[in-house]
Amino acid sequence: LAGLERLSAAARAVDGTTRSLAETLGMGADDTVGQYTSGDEIDDHDDTFIIRFLYAFWRLCEQNIAIIDTAETTHSAKLIAQRAGVDPDVKIVQLRRTGAGGDHDTQGNREWKHRWVVRMHKVRQWYPSQQRHRVIYRGPYVKGPGDKPFISGETVRALTR
């Protein structure tokens with residue numbers, strides 16, 4: 001645990017230095033340098049991709065964004081799982097908690113009939129203290145009331161590591 005703390009402190013120091021250098025060079029958070037498409041080669045002109053990737057990974061790992069719950073398993077599902085030689089227990093991992101007030105939109109005149117996942121997207125967020133917009137990323141998050149059925153586009157058959 002002490003090693004993790006030292007590593008975190010070092011990553012924070014590198015982040016502060018990187019941010020200071022970026023501001024000095026005129027590369028603000030509003031600048032989009034490029035976008036990665038799956039299969040493309042990564043342009044690592046300053047040879048810092050691994051450090052930046054690991055820093056983003058560690059920041060993601062520090063977030064408390066997952067809630068693990070178990071689903072009720074029927075007798076027939078247990079028999080099928082036993083025949084297949086797999087564990088019959090089903091765990092549901094919810095990424096991102098549903099926000100309060102998800103039942104209605106901002107005007108309060110809409111009732112949602114289901115929940116869904118909003119994909120990550122860019123937003124130009126206004127910062128009054130800086131008197132400027134900055135590009136931030138929002139999501140993914142679950143939208144809709146917690147008591148409504150969840151609509152998803154994909155069915156996960158197996159999750160292995």
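**Group meeting: a walk through the predicted chain**

Let me start at the hairpin of β4 and β5, which has four residues between its strands and in which Q131 takes a positive phi near 55°. This is a predicted model, in which local features need pLDDT of at least 70 and side-chain atom pairs count only at pLDDT 80 or more, while totals for chains, interfaces and linings use all residues. Residues are numbered from 1 along each chain as its sequence is written, and side-chain values use heavy atoms, with hydrogens and water left out.

Staying with the hairpin, strand β4 (residues 121-127) and strand β5 (residues 132-138) run antiparallel and are joined by seven bridges, where strands count as paired if DSSP finds at least two bridges between them. Within this pairing, V123 has I136 in β5 as its bridge partner. Q131, in the loop between β4 and β5, is not a glycine, and yet its phi is positive. Most residues other than glycine have a negative phi, and most peptide bonds are trans. Is Q131 buried or exposed? With a relative accessibility of 57%, Q131 counts as exposed, the terms being buried for under 20% relative accessible area, exposed for over 50% and partly exposed in between, with a 1.4 Å probe and protein chains only.

Further along, G139 and P140 are joined by a cis peptide bond, with omega about -5°, and P140 lies in the loop between β5 and β6 (141-143).

Let me now step back to the whole chain, which holds three helices and six strands, in the order α-α-β-α-β-β-β-β-β along the sequence. Helices (H or I, at least four residues) and strands (E, at least two) are DSSP runs, numbered from the N terminus. Of the 161 residues, 11% count as buried. Helix α3 (residues 75-84) has one buried residue among its ten, so this helix lies largely in the open, and after α3 comes G85, with a positive phi near 80°.

N64 sits in the loop between α2 (49-62) and β1 (66-71) and is exposed, at 64% relative accessible area. The C-alpha atoms of N64 and L95 are 9.1 Å from each other, although 31 residues separate the two along the chain.

Next, the side chains, beginning with R115 in the loop between β2 (90-95) and β3 (116-118). What is the nearest side chain of opposite charge to R115? That side chain is D147, 7.3 Å away, and R115 is buried yet has no salt bridge. For the charges, Lys and Arg count as positive and Asp and Glu as negative, with His and the chain ends not counted, and a salt bridge needs a side-chain nitrogen of Lys or Arg within 4 Å of a carboxyl oxygen of Asp or Glu. The side chain of R115 does reach the backbone oxygen of K148, at 3.3 Å.

Finally, the rings. Rings of Phe, Tyr and Trp (its six-membered ring) pair if their centres lie within 6.5 Å, with planes under 30 degrees apart stacked, over 60 edge-to-face and the rest tilted. By this rule there is one aromatic pair. The pair is W112 with W116, edge-to-face, at 5.2 Å centre to centre and 70° between the planes. W112 is buried at 16% relative accessibility, whereas W116 is partly exposed at 22%.

Technical notes. A polar contact is a pair of N or O atoms within 3.5 Å; within protein, one must be able to donate a hydrogen and the other to accept it, and residues adjacent in sequence count only if both atoms are side-chain atoms.
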